[in-house]
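Here is a walk through one structure, feature by feature. Keep the sequence and the 3D view open while you read.

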Amino acid sequence: MRFTVLASFLVLSCAGGAVAQAPKRERAPFEKAVDKALLFLHTERRNEGAWPSAGDNKNVAATSLAVMAFLSAGHVPGEGRYGKTIENGVRAVLKAQQPNGLIASMGGHHQMYHHGIATLMLAEVGGMSKGELNKDVRKALEKAVALILKAQRTNGIHKGGWRYQIAHNDGADMSVTGWQLLALRAAKNLGCDVPASTIERAVEYVKRCQGPAGFKYTPYGGVTLPCTGTGVLALELCGGKKEHLGPAVLKGAGHLVRRESLNALDNVHGYYFYSVYYGAQATFQVGGSYWSAYRTKLHQSLLRHQRPNGSWQGGNESGWGPNYCTSMAVLALTVEYRFLPIYQRGKEPTDKK
């Protein structure tokens with residue numbers, strides 16, 4: 001079954017009270033862009049329902065992002081036009097899970113990127129699936145969450161964060177940490193056991209990455225737009241009442257909607273798709289004028305840069321291929337649909353601390 005924001009409705013005819021279906025309202029340009037992008041992704045599936053990226057025909061991260069793109073637009077596993085596409089993608093990710101719980105493309109050097117994204121996807125699918133698929137997803141999710149808990153850094157300036165590998169010998173950074181926090185938040189929403197202390201340590205790491213305006217890649221790095229979006233979102237979703245719309249959040253959100261920051265979306269350069277993915281989620285969570293300003297520029301930018309076949313690609317992320325770029329663009333555009341539980345502003349369970 002596909003849900004849609006622009007639901008058709010029934011009205012009574014003035015002539016005799018007969019029930020008639022009113023004409024559907026014209027879909028907005030950004031909704032048409034999402035439709036084209038999903039059709040592109042549907043045709044890009046490869047081996048066993050997975051999506052390729054960066055030369056890997058069964059890329060776990062790209063597959064997980066593509067699945068979430070469909071979910072974010074209201075499609076669910078096993079039902080409707082894309083139901084089989086979604087289910088096959090989920091199955092491909094489940095098949096990639098290793099005995100220790102890790103879900104990553106074999107031989108990858110960024111295993112915790114893959115794992116965090118895959119875990120987030122499974123947590124979202126867990127609330128949108130049923131039957132055997134749901135059982136398999138929840139079983140894999142428990143092991144995936146346990147590995148994230150194990151991989152959290154425990155000492156020094158990197159305490160509370162995560163980085164590329166499970167082992168604790170390569171520090172931590174905001175980018176990898178953001179994916180693990182989103183995954184844990186989504187898993188907790190689904191009922192998984194995520195210790196409050198784990199979230200608290202991660203939030204403290206995020207706060208150590210705060211700069212004069214936004215957030216940095218590491219505590220000793222420079223402020224970037226992608227990391228600012230990550231930091232704002234992390235504090236809003238995981239920081240509890242103490243951080244909700246607090247000074248750090250509002251300062252970061254302000255940085256995202258500065259004229260210079262918004263103008264940076266005019267061209268696809270740098271980590272553009274990573275930036276709009278987190279920027280859209282962060283400003284949507286903050287809401288108000290922050291979201292209004294970002295949404296306007298986001299739509300202008302993405303609609304301008306979409307290719308005729310429905311895909312996106314460019315900037316430093318070109319090497320990751322159109323499936324990654326297109327999925328990230330769709331996830332940015334569909335944040336306001338609120339179909340993904342992680343997108344549902346203000347509906348996360350209250351944490352008791």
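## A histidine in helix 13

Let's start with histidine 299, which you'll find in helix 13, residues 288–305. Bear in mind that this is a predicted model. With a relative accessibility of 11%, histidine 299 counts as buried, because the cut-off for that label is under 20%.

What does histidine 299 touch, once residues up to four places away in sequence are set aside? The list is Phe30, Leu333 and Glu336. Phe30 also turns up in another setting: the charged end of arginine 295 sits over the ring of phenylalanine 30, 5.4 Å from its centre.

## The largest pocket

Now for the open space. The largest pocket has a volume of about 730 Å³. Its lining is made up of 27 residues, and the ones closest to the centre are His110, Tyr113, Tyr271, Tyr274 and Trp320. Which elements give two or more residues to that lining? They are helix 2 (60–72), helix 4 (111–126), helix 6 (174–189) and helix 8 (225–238).

As for chemistry, the lining of the largest pocket splits into 16 nonpolar residues, 10 polar ones and 1 charged.

## Rings that pair up

Searching the whole structure turns up 14 aromatic pairs. In one of them, the ring centres of tryptophan 51 and phenylalanine 70 are 6.2 Å apart and the planes make an angle of 40 degrees, so this pair is tilted. The two partners come from distant parts of the chain, 19 residues apart: tryptophan 51 is in the loop between helix 1 (29–43) and helix 2, while phenylalanine 70 is in helix 2. Are these rings buried or exposed? Tryptophan 51 has 0% relative accessibility and counts as buried, and phenylalanine 70, also at 0%, counts as buried too.

Then there's the pair of tyrosine 274 and tyrosine 278, with ring centres 5.4 Å apart and planes at 55 degrees, so the pair is tilted. Both tyrosines lie in helix 12 (residues 272–286), 4 residues apart, which is about one turn of the helix. Both of them are buried. They also belong to an aromatic cluster, formed by Trp179, Tyr274, Tyr277 and Tyr278. Tyr274 is worth picking out on screen, as it is also among the residues closest to the centre of the largest pocket.

Rings have charged company elsewhere as well. Arginine 163 lies over the face of tyrosine 164, at 4.7 Å from the ring centre.

## A serine in helix 11

Serine 261 has its place in helix 11, residues 259–263. Its relative accessibility is 5%, so serine 261 counts as buried. Leaving out neighbours within four places in sequence, serine 261 is in contact with Leu225, His255 and Leu256.

For a sense of distance, try serine 197. From C-alpha to C-alpha, serine 261 and serine 197 are 34 Å apart in space, with a separation of 64 residues in sequence.

## Positive phi without glycine

Two backbone spots deserve a click. Alanine 54 isn't a glycine, yet it has a positive phi of about 50 degrees. You'll find alanine 54 in the loop between helix 1 and helix 2, and tryptophan 51 is in that loop too.

Arginine 338 is another residue other than glycine with a positive phi, near 65 degrees. It is placed in the segment after helix 14 (321–333). Is arginine 338 buried or partly exposed? At a relative accessible area of 32%, arginine 338 is partly exposed.

## Two glycines to finish

Glycine 131 lies in helix 5, which covers residues 131–151. Its relative accessibility of 45% makes glycine 131 partly exposed. Tyrosine 113 is 18 residues away along the chain, and the C-alpha atoms of the two are separated by 29 Å. That tyrosine is also among the residues closest to the centre of the largest pocket.

Glycine 191 is placed in the loop between helix 6 and helix 7 (196–208). Here the relative accessibility is 61%, so glycine 191 counts as exposed. How many residues apart in sequence are glycine 191 and valine 145? The answer is 46, and their C-alpha atoms are 12 Å apart in space.

Key: Residues are numbered from 1 along each chain as its sequence is written. This is a predicted model: local features need pLDDT of at least 70, side-chain atom pairs count only at pLDDT 80 or more; totals for chains, interfaces and linings use all residues. Side-chain values use heavy atoms; hydrogens and water are left out. On a 1 Å grid over the protein atoms alone, a cavity is a set of points where a 1.4 Å probe fits but cannot get out, and a pocket is an open set with protein on both sides within 12 Å along at least five of seven lines; lining residues have an atom within 4 Å of a point. Grid points are joined across faces, edges and corners, and a volume is the space filled by probe spheres set on the points. Ala, Val, Leu, Ile, Met, Phe, Trp, Tyr, Cys and Pro count as nonpolar, Asp, Glu, Lys and Arg as charged, and the others, Gly among them, as polar. Buried means under 20% relative accessible area, exposed over 50%, partly exposed in between (1.4 Å probe, protein chains only). Contact means heavy atoms within 4.5 Å. Rings of Phe, Tyr and Trp (its six-membered ring) pair if their centres lie within 6.5 Å; planes under 30 degrees apart count as stacked, over 60 as edge-to-face and the rest as tilted. A charge sits over a ring if NZ of Lys or CZ of Arg is within 6 Å of the ring centre and within 35 degrees of the ring normal.
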